[in-house]
Amino acid sequence: MSNVAMIDHLEAQLTPLGAEMVGALGVEAQVAYGELTLVAPRARIVEVMTALRDRFEFQQLLDVCGVDYPDREERFEVVYHLMSLTRNARLRVKVTTDEVQPVASVCSVYPSAEWFEREAFDMYGMLFSGHPDLRRLLTDYGFEGHPLRKDFPMTGYVEVRYDEELKRVVYEPVKLTQEFRNFDFLSPWEGAEYPAPVLPGDEKAG
């Protein structure tokens with residue numbers, strides 16, 4: 001079965017399930033790339049996730065990640081990826097939010113969300129109300145900003161180095177050298193003149 005035929009088969013299989021979820025949960029649904037996606041209201045995310053686990057048999061939470069759309073009023077999407085072993089199906093659930101409005105933690109429904117929500121908080125600054133331990137996870141102590149936001153500078157805000165006199169690692173504001181500011185993006189292989197390669201047998205073409 002080709003990839004296109006497989007996706008068509010999955011979409012035909014998942015569309016009735018999506019229709020059932022829309023009727024039961026009052027959410028929006030769409031099928032893309034062979035996977036069902038639900039768009040849930042932020043205020044009802046715990047209720048929706050509980051119903052997906054108990055009624056629709058999506059037993060596993062595989063991942064919680066974030067997406068940043070800076071031009072939107074609610075710039076963030078919190079995306080949950082679920083797996084049903086009994087249905088042999090995957091499900092994506094989306095919720096929108098911003099830097100201020102918290103999303104209710106789903107740790108009480110899926111305990112594995114604790115780690116993923118901490119990561120989303122660290123990388124994007126998304127807030128999760130009711131989370132048992134919402135601290136930074138991947139960045140260092142005193143880290144400024146959230147690295148996966150689209151407006152986070154490529155160079156960061158601070159840099160670290162080992163100070164031989166102090167005998168410890170010190171943090172300093174990023175200093176960009178003039179060479180870095182005027183970085184030449186031209187590949188070292190571009191602009192150079194090389195003789196055209198002669199492949200075995202090419203001499204017969206003449």
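## Contacts of M21

Contact here means that heavy atoms lie within 4.5 Å of each other. The model is predicted. Once neighbours within four places in sequence are set aside, M21 is in contact with G26, V27, L36, L38, L52, F56, F58 and L91.

## Nonpolar core

M21 is also among the residues with the most contacts inside the largest nonpolar core, together with M49, L52, Y80 and V93. This core has 37 residues. At least two of its residues come from each of α1 (3-25), β2, α2, β3, β4, β5 and α3. In soluble globular proteins, nonpolar side chains tend to be buried together.

## The sheet

Five strands form an open sheet with mixed pairing, in the order β1-β2-β5-β4-β3. The edges are held by β1 (28-32) and β3 (60-68); each has a single partner strand, so one side of each is left without a neighbour in the sheet. On average, neighbouring strands of this sheet are turned by 25° against each other, direction ignored.

Strands of a sheet pair through backbone hydrogen bonds, either parallel or antiparallel. The edge strand β3 runs antiparallel to β4 (residues 76-84), and 8 bridges join the two. Within this pair, Q60 stands opposite M83 in β4.

## Helices on the sheet

Helix α2 (residues 45-54) packs on the sheet and touches β2 (35-39), β3, β4 and β5 (89-97). The direction of α2 makes about 175° with that of β5.

Helix α3 (residues 113-124) also packs on the sheet, where it touches β3 and β4. The direction of α3 makes about 10° with that of β3.

Methods
Residues are numbered from 1 along each chain as its sequence is written. This is a predicted model: local features need pLDDT of at least 70, side-chain atom pairs count only at pLDDT 80 or more; totals for chains, interfaces and linings use all residues. Side-chain values use heavy atoms; hydrogens and water are left out. Two strands pair if DSSP finds at least two bridges between them. Helices (H or I, at least four residues) and strands (E, at least two) are DSSP runs, numbered from the N terminus. Axes are lines fitted to C-alpha atoms, for helices over the stretch in contact, and angles run from 0 to 180 degrees between N-to-C directions. A nonpolar core is a set of buried Ala, Val, Leu, Ile, Met, Phe, Trp, Tyr and Cys residues joined through side-chain atoms within 4.5 Å. Buried means under 20% relative accessible area, exposed over 50%, partly exposed in between (1.4 Å probe, protein chains only).
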